[in-house]
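Reader: Please set out how the helices of this model pack against one another, and reason from the geometry to each conclusion.

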Amino acid sequence: MNDILISIPKPQPVEVENAVLAAMMTTPATVDPCAEILKPSDFAHIQCGVLFSVIVARHQSSLPVDPVSITAHLFQTGTIDSVGGAGTIAELDAFIASTR
């Protein structure tokens with residue numbers, strides 16, 4: 001029984017996942033190190049995993065990963081709802097502003 005409990009990952013608060021995503025959007029130099037140790041399925045919140053994938057893919061294509069560029073990309077590709085809507089990016093942008 002203890003073996004089963006040990007193998008179950010602990011849920012991550014969305015705030016922790018948002019902090020990772022915010023760091024990636026404000027400091028593109030953090031994208032590659034994050035991508036080396038994380039994968040979309042590591043995120044407990046599916047929307048965060050999707051956003052992570054978008055940030056990594058854009059960064060690997062040498063495209064901007066700031067909140068405005070990410071939002072525009074998601075609208076252009078019709079995938080904004082896959083990350084919870086524009087409000088999700090706005091919340092991350094507000095989180096970024098509050099840490100400066």
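The exchange below treats helix packing, the nonpolar core and two individual residues in a predicted model.

Reader: How are α5 and α6 oriented relative to each other: roughly parallel or roughly antiparallel?

Author: Helix α5 covers residues 67-76 and helix α6 covers residues 86-98, and their axes lie 10 Å apart at an angle of about 175°. Angles over 145 degrees count as roughly antiparallel. The orientation of α5 to α6 is therefore roughly antiparallel.

Reader: Which residues make that contact between α5 and α6, and how many of them are nonpolar?

Author: From α5 the contact takes Pro67, Ile70, Thr71, Leu74 and Phe75, and from α6 it takes Ala86, Ile89, Asp93 and Ile96. Sorted by class, the contact of α5 with α6 has one charged residue, one polar residue and, as the number asked for, seven nonpolar residues.

Reader: What is the orientation of α2 relative to α4?

Author: The axes of α2 and α4 are 11 Å apart and meet at an angle of about 10°. Angles under 35 degrees count as roughly parallel. Hence the orientation of α2 to α4 is roughly parallel.

Reader: In which hand does α2 cross α4: left or right?

Author: The contact joins Val14, Glu17, Asn18, Leu21, Met24 and Met25 of α2 to Cys48, Leu51, Phe52, Ile55 and Val56 of α4. By class, these residues comprise nine nonpolar, one polar and one charged. As for the hand, the crossing of α4 by α2 is left-handed.

Reader: How do α2 and α6 lie relative to each other?

Author: Between α2 and α6 the angle is about 75° and the axes are 9 Å apart. Since angles of 65 to 115 degrees fall in one category, α2 and α6 are roughly perpendicular.

Reader: How many charged residues does the contact of α2 with α6 have?

Author: On the α2 side the contact uses Asn18, Ala19, Leu21, Ala22, Met25 and Thr26, and on the α6 side Leu92, Phe95 and Ile96. The contact of α2 with α6 has seven nonpolar and two polar residues, and the number of charged residues is zero, that is, no charged residues.

Reader: Which helix gives the most residues to the largest nonpolar core?

Author: This core has 21 residues, and Leu21, Met24, Leu51, Phe52, Ile55, Ile70 and Leu74 touch the most other members. The elements giving two or more residues to this core are α2 (14-26), α3 (31-37), α4 (46-60), α5 and α6. With six residues, the helix that gives the most is α4.

Reader: Which residues does Ile55 contact, leaving aside its neighbours within four places in sequence?

Author: Ile55 is among the core residues that touch the most other members, and it also takes part in the contact of α2 with α4. Leaving aside neighbours within four places in sequence, the contacts of Ile55 are Leu21, Met24, Met25, Val31, Val65 and Ile70.

Reader: Is Asn18 buried or exposed?

Author: Asn18 lies in helix α2 and, beyond residues up to four places away in sequence, touches Cys48 and Leu92. Its relative accessibility is 18%. Buried means under 20%, so Asn18 counts as buried.

Reader: How does Gln47 count by relative accessibility, and how far is it from Asp81 in space?

Author: Gln47 is found in helix α4, and at 41% relative accessibility it counts as partly exposed. Not counting residues up to four places away in sequence, Gln47 touches Ser82, Val83 and Gly84. Gln47 and Asp81 are 34 residues apart in sequence, and their C-alpha to C-alpha distance is 8.9 Å.

Notes:
Residues numbered from 1 in each chain as written. Predicted model: local features only at pLDDT ≥ 70, side-chain atom pairs only at ≥ 80, totals over all residues. Heavy atoms only, no water. Axes fitted to C-alpha atoms, helices over the stretch in contact; angles between N-to-C directions. Helix = DSSP H or I, 4+ residues; strand = E, 2+ residues; numbered from the N terminus. Contact = heavy atoms within 4.5 Å. Nonpolar A, V, L, I, M, F, W, Y, C, P; charged D, E, K, R; others polar. Core = buried A, V, L, I, M, F, W, Y, C linked by side-chain atoms within 4.5 Å. Buried < 20%, exposed > 50% of the residue type's maximum accessible area, 1.4 Å probe, protein only. Left-handed = near helix turned anticlockwise from the far one by under 90°.
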